[in-house]
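Q: I should like to learn how the features of a protein model are read. Could we take them one at a time?

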Amino acid sequence: MDQFLWRVLPLLTILVSFGVFFYLQDSYTAQLFPLIKLPRDKCSLLPHRHFWISSKRIVTPQGIISGSVEINDGKIISVVEGHAIQGKPKQEEVIDYGDAVIMPGLIDVHVHLNEPGRTEWEGFDTGTRAAAAGGVTTVVDMPLNCYPTTVSKEKLKLKLDAAEDKIYVDVGFWGGLIPENALNTSILDGLLSAGVLGVKSFMCPSGIDDFPMATIDHIKAGLSVLAKYRRPIVVHAEIQQDFENHLELNEDNLDPRAYLTYLNTRPPSWEEAAIKQLVSVTKDTRKGGPLEGAHVHIVHLSDSSASLDLIKEAKSHGDSISVETCPHYLAFTSEEIPNGDTRFKCSPPIRDAYNKDKLWEAVLEGHIDLLSTDHSPTVPELKLMEEGDFLKAWGGISSLQFNLPVTWSYGKKYGLTLEQLSLLWSKKPATLAGLESKGTIAVGNHADIVVWQPELEFDLDDDYPVFIKHSELSAYMGRRLSGKVLETFVRGNLVFKDGKHAPAPCGVQILAK
Ligand SMILES: NC(=O)NC(NC(N)=O)C(=O)[O-]
Ligand SMILES: [Zn+2]
Ligand SMILES: [Zn+2]
């Protein structure tokens with residue numbers, strides 16, 4: 001008997017200490033999140049479903065107010081100006097943010113999450129954590145550079161399966177319009193019926209083998225299907241032109257480490273040529289036209305001259321057309337991109353300072369409808385950071401987490417206001433993607449909210465928590481920015497606070513009906 005006891009005693013000790021450990025753990029987490037045992041409450045860093053947030057600066061469609069927003073079960077149920085708070089909250093149910101800004105969460109309609117197939121470039125987990133940390137409450141995923149690309153309902157299903165239980169913010173999906181499905185309406189119909197929010201096309205090579213470029217005839221064919229669904233096509237508008245017109249061959253522009261060499265390979269005339277073709281079909285989207293109900297959205301406009309003029313003219317005739325640009329075209333200029341720094345390579349390319357000033361003018365005057373990141377990361381090996389070869393490196397900029405501070409830091413010098421910021425990053429993107437319950441702080445809408453401090457400056461250095469996959473590839477690293485995201489709510493769940501995410505990923509997949 002004695003011998004038996006000596007044998008089981010160590011085992012018993014181990015079992016008991018495990019028990020004590022888990023008991024302590026549980027009571028510790030229970031203190032932080034009293035309701036953590038219910039799965040729903042792992043979604044939020046806050047224990048309440050019904051609560052109030054107040055601040056001196058709440059950005060609403062009616063202007064900036066000092067007051068409070070009441071949130072219940074994921075929705076905004078009242079917005080009240082002044083000190084009085086509707087209802088009878090307990091003290092701990094009211095969060096007073098002082099003069100930090102309460103704004104609608106950002107909606108980023110141009111994000112390459114690359115899963116399945118190229119998760120090592122970026123994936124649902126890392127990408128949506130970065131979004132949450134940046135105050136982005138909804139992203140719309142691009143149909144490439146994942147593998148396979150999202151070009152049929154079967155391939156969309158693979159996407160949805162891959163995203164399951166991994167997303168920290170809400171995610172919608174663009175399908176891909178490629179020659180194969182443009183010419184086979186039933187594939188396109190299947191993809192749209194399965195819930196993509198619209199489709200995306202490239203008018204030049206995309207760099208991805210299973211995402212071939214589309215001609216204007218493919219796009220036209222796609223538009224007649226899209227008109228039925230009243231969903232948009234979003235287009236990478238560049239058409240390859242004859243080089244000889246643009247390249248003056250001399251030693252300077254042949255150096256592949258010089259940014260100018262790359263810039264010269266993709267002149268504004270590429271954008272202009274594509275947009276010229278697009279506006280020749282958007283005239284049919286006017287009221288009463290054969291394509292009424294369809295909409296053309298031009299992604300990541302870089303050329304603020306002739307290309308923009310074409311879009312403005314089409315709009316003035318009532319064409320259903322819109323355009324976005326990205327923070328990197330508004331923050332950087334070709335003159336300042338260092339030799340060999342391929343973090344700045346993207347297409348269309350970042351152009352000169354004059355072009356940037358004109359882009360800002362168009363943004364502030366409302367000719368550019370909205371902003372998006374075009375977050376398109378890859379692995380460091382393909383960015384060829386050591387060789388610094390701009391011609392061979394992967395084109396795409398990683399910056400999803402920094403949309404808000406970057407737009408604000410560079411925009412305030414041009415007079416950008418908080419209301420404009422929220423139109424460009426929330427209201428207009430929601431309209432494009434057909435997200436009716438998102439994009440503004442208004443009664444009945446989803447409580448998708450970012451709380452941030454525009455005046456707070458920070459250094460984007462190695463100490464700063466960055467959640468995009470290969471943070472060293474972000475062109476913004478090393479900069480000092482203004483506008484720190486403090487907290488992010490997705491449908492009333494506090495998904496990010498002080499560098500920490502909610503315990504569980506509770507974003508939902510958004511499918512069009
Ligand atoms: N295959 C890509 O992700 N391309 C992207 N690349 C950029 N913008 O450089 C894009 O959106 O065109
Ligand atoms: Zn593109
Ligand atoms: Zn893109």
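Q: How are the donor residues of the zinc ion (ligand 3) spaced in sequence?

A: This model is predicted. The spacing of the donor residues of the zinc ion (ligand 3) is written H-x1-H-x261-D. The residues concerned are His110 and His112, each through NE2, and Asp374 through OD, at 2.0 to 2.1 Å.

Q: Which distant parts of the chain does the pair His112 and Asp374 link?

A: To read such a pair, one locates each residue among the helices and strands. His112 lies in the loop between β6 (106-111) and α2 (124-133), and Asp374 in the loop between β14 (370-371) and α12 (380-383). The two residues are 262 residues apart. Both His112 and Asp374 are buried.

Q: Why is the arrangement around the zinc ion (ligand 3) called tetrahedral?

A: One examines the angles between donor atoms; four donors count as tetrahedral if all angles lie between 85 and 135 degrees. Here the four donor atoms subtend angles of 87 to 129 degrees, so the arrangement is tetrahedral.

Q: How far apart are the zinc ion (ligand 3) and the zinc ion (ligand 2)?

A: The separation of these two zinc ions is 3.8 Å.

Q: Which residues come nearest to ligand 1?

A: Around ligand 1 there are 15 residues, of which Asn145, His236, Ser347, Asp374 and Ser376 come nearest. One may then look at individual atom pairs. A polar side-chain atom of Ser376 is 2.8 Å from an oxygen atom of ligand 1. For His236, a side-chain N or O atom lies 2.9 Å from an oxygen atom of the ligand. His110, also a donor to the zinc ion (ligand 3), has a polar side-chain atom 3.5 Å from an oxygen atom of ligand 1. Taken alone, ligand 1 exposes 320 Å², and the protein buries 98% of that.

Q: Is Ser482 buried or exposed, and why?

A: The judgement rests on relative accessible area: buried means under 20%. Ser482 has 4% relative accessibility and therefore counts as buried. Ser482 belongs to strand β16 (residues 480-490). Its side chain makes a polar contact of 3.1 Å with the side chain of Lys412, and a polar atom of the Ser482 side chain lies 2.8 Å from the backbone oxygen of Pro454.

Q: What does the radius of gyration indicate about the chain?

A: One compares the value with that of a compact globule. For 513 residues such a globule would have a radius near 24 Å; the chain has 25 Å, which agrees. The chain contains 14 helices and 19 strands, and buried residues make up 58% of its 513 residues.

Terms used: Residues numbered from 1 in each chain as written. Chains lettered and ligands numbered in written order. Predicted model: local features only at pLDDT ≥ 70, side-chain atom pairs only at ≥ 80, totals over all residues. Heavy atoms only, no water. Donors = N, O, S within 2.8 Å, 3.2 Å for Na, K, Ca; no water. Tetrahedral: all angles 85-135°; square planar, octahedral: opposite > 155°, others 65-115°. Helix = DSSP H or I, 4+ residues; strand = E, 2+ residues; numbered from the N terminus. Buried < 20%, exposed > 50% of the residue type's maximum accessible area, 1.4 Å probe, protein only. Near = heavy atom within 4 Å. Polar contact = N/O pair within 3.5 Å; in protein donor to acceptor, adjacent residues only side chain to side chain. Areas by Shrake-Rupley, 256 points an atom, 1.4 Å probe, with all protein chains shown as cover. Rg over C-alpha atoms; globule rule 2.2 N^0.38 Å.
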